[in-house]
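This briefing concerns the pockets, one helix and two loop residues of a single protein model. Please consult the sequence and structure shown below while reading.

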Amino acid sequence: MRIPVAEPCIGDEELKNVIEAVKSGWISSKGKFIEEFEREFAKYCGVKYGVATANGTVALHLALKALGIGKGDEVIVPTLTFVATANTVTYCGANPIFVDSHPEYWCINPEKIEEKITPRTKAIIPVHLYGHPCNMDRIMEIARNYNLYVIEDAAEAHGAEYKGRKVGSFGDISCFSFYGNKMITTGEGGMCLTNNEELAERMRNLRDHAMSKNRKYWHETIGFNYRMTNLQAAVGVAQLKKLDEFIEKKRRIAKWYSEELKDLEDKGLIKLHPEMPWAKCVYWMYSILIEDKAKICRDEFMKRLEKIGIETRPFFVPMHLLPMYNSRERLPIAEDLARKGINLPSSVTLDKSQMTFIIQNIFNVIINENSIYSSHF
């Protein structure tokens, strides 16, 4: 038995929709499922317009281009996230400016943003890391004060809430990913959301090679082939109907981990995945920190779990440390989180026996004494 860190949950509804799309002949970037998915996902998030894309990375790039981000501009991003967030800024000829993490909930620290703002700053990309919302009130306040765009990177946080409002509904544009391990999946795929009709139309135009609506094969600017296929959208329509169920299961898994691993946190050996009072975290990946007191480093901990069939994943490497972005600055909170952080198996397909096996072996690896954990089960 091997327990993966994440896997999709695909059923008969998805298959039925895909078969319908295939039989219709509309398998590429036109077909009824694309508009339905855009409309229903935007509605779910409380936003007016959805623009489906080929994947989450191009959703970010499309958003930046639609907002006119270009050469010499600066865009503020958290250093602790997947590299696509900074890469898409670089694609535009702009410069990603890295900000440290918040020590309590791991997302971008809003109190560190203002010190990075210059006359060249054009936007902020907050990332709702591992399913936990950012402090959007403070970020939006800063954006208003400095006349900056906000692009929410919600690739890992479908359905998460900040003060009762779904993430993806705050910024000028928000971007989602539907990669195979995300909260819902279309295999690959992404989505841009906005309440601005003009921005929505601009993104629709740019994703289709910027072709004129009125004259075939007439292009007045450089566009992209960033379209989602009807086959992908067919899966997405079925997945969206299950999203609330998936969130409930993710939160049950998180509750189980938090309750059963609390003893290790109380002993100062690990730090559990946080959830702030103002947040509803969807726990895309349930994550813990292996504290120095545990006397086993994160990487060795992962190796031991791997040997017994439990897949885990390290936290992202802070981007300011990567060779192409090395800024020679210290962002100590993010660096510490990255050194200690691990994503545990978090699939909605996990059952209680698998959870018990995982938790028992976490205790076994860290404490290495059966008597410490046997009383839990």
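In sorting lining residues, Ala, Val, Leu, Ile, Met, Phe, Trp, Tyr, Cys and Pro count as nonpolar, Asp, Glu, Lys and Arg as charged, and the others, Gly among them, as polar. By this scheme, the lining of the second largest pocket comprises twelve nonpolar, seven polar and five charged residues. The model is predicted, and the points below are grouped by topic.

**Second largest pocket**

- The volume of the second largest pocket is about 400 Å³.
- Its lining consists of 24 residues, and Phe 82, Ala 84, Ala 155, Ser 177 and Lys 182 are those nearest the centre.
- Two or more lining residues come from each of α3 (56–66), α4 (84–91), β8 (173–177) and β13 (313–314).

**Largest pocket**

- The largest pocket holds about 690 Å³ of space.
- There are 18 residues in the lining of the largest pocket; Lys 30, Arg 204, Arg 207, Asp 208 and Lys 213 lie nearest its centre.
- Eleven residues of this lining are charged, four are polar and three are nonpolar.
- At least two lining residues are supplied by each of α2 (32–45) and α6 (197–207).
- With five residues, α6 contributes the most to the lining of the largest pocket.

**Helix α6**

- At the N-terminal end, α6 is capped by Asn 196, which places a side-chain oxygen 2.9 Å from the backbone nitrogen of Glu 198.
- The buried residues of α6 are Leu 199, Ala 200, Met 203, Leu 206 and Arg 207.
- Viewed down the helix axis, the buried residues of α6 fall within an arc of 130°, and they therefore line one face of the helix.
- An α-helix has 3.6 residues a turn, so residues three or four places apart point the same way.
- The buried residues of α6 pack against α2, β1 (49–53), α3, β8 and β9 (190–194).
- Arg 207 is thus named twice: among the buried residues of α6, and among the residues nearest the centre of the largest pocket.

**Residues with positive phi**

- Most residues other than glycine have a negative phi.
- His 209, just after α6, has a positive phi of about 60°.
- His 209 belongs to the loop between α6 and α7 (230–240), and it is partly exposed, with a relative accessible area of 35%.
- Lys 295 is not a glycine, yet its phi is positive, at about 60°.
- Lys 295 is found in the loop between β12 (287–290) and α10 (298–307).
- The relative accessible area of Lys 295 is 78%, so this residue is classed as exposed.

Definitions and conventions: Residues numbered from 1 in each chain as written. Predicted model: local features only at pLDDT ≥ 70, side-chain atom pairs only at ≥ 80, totals over all residues. Heavy atoms only, no water. 1 Å grid on protein atoms, 1.4 Å probe; cavity = no way out; pocket = protein on both sides within 12 Å on 5 of 7 lines; lining within 4 Å. Points joined across faces, edges and corners; volume = space filled by probe spheres on them. Helix = DSSP H or I, 4+ residues; strand = E, 2+ residues; numbered from the N terminus. Buried < 20%, exposed > 50% of the residue type's maximum accessible area, 1.4 Å probe, protein only. Arc of directions from axis to C-beta. Contact = heavy atoms within 4.5 Å. Polar contact = N/O pair within 3.5 Å; in protein donor to acceptor, adjacent residues only side chain to side chain.
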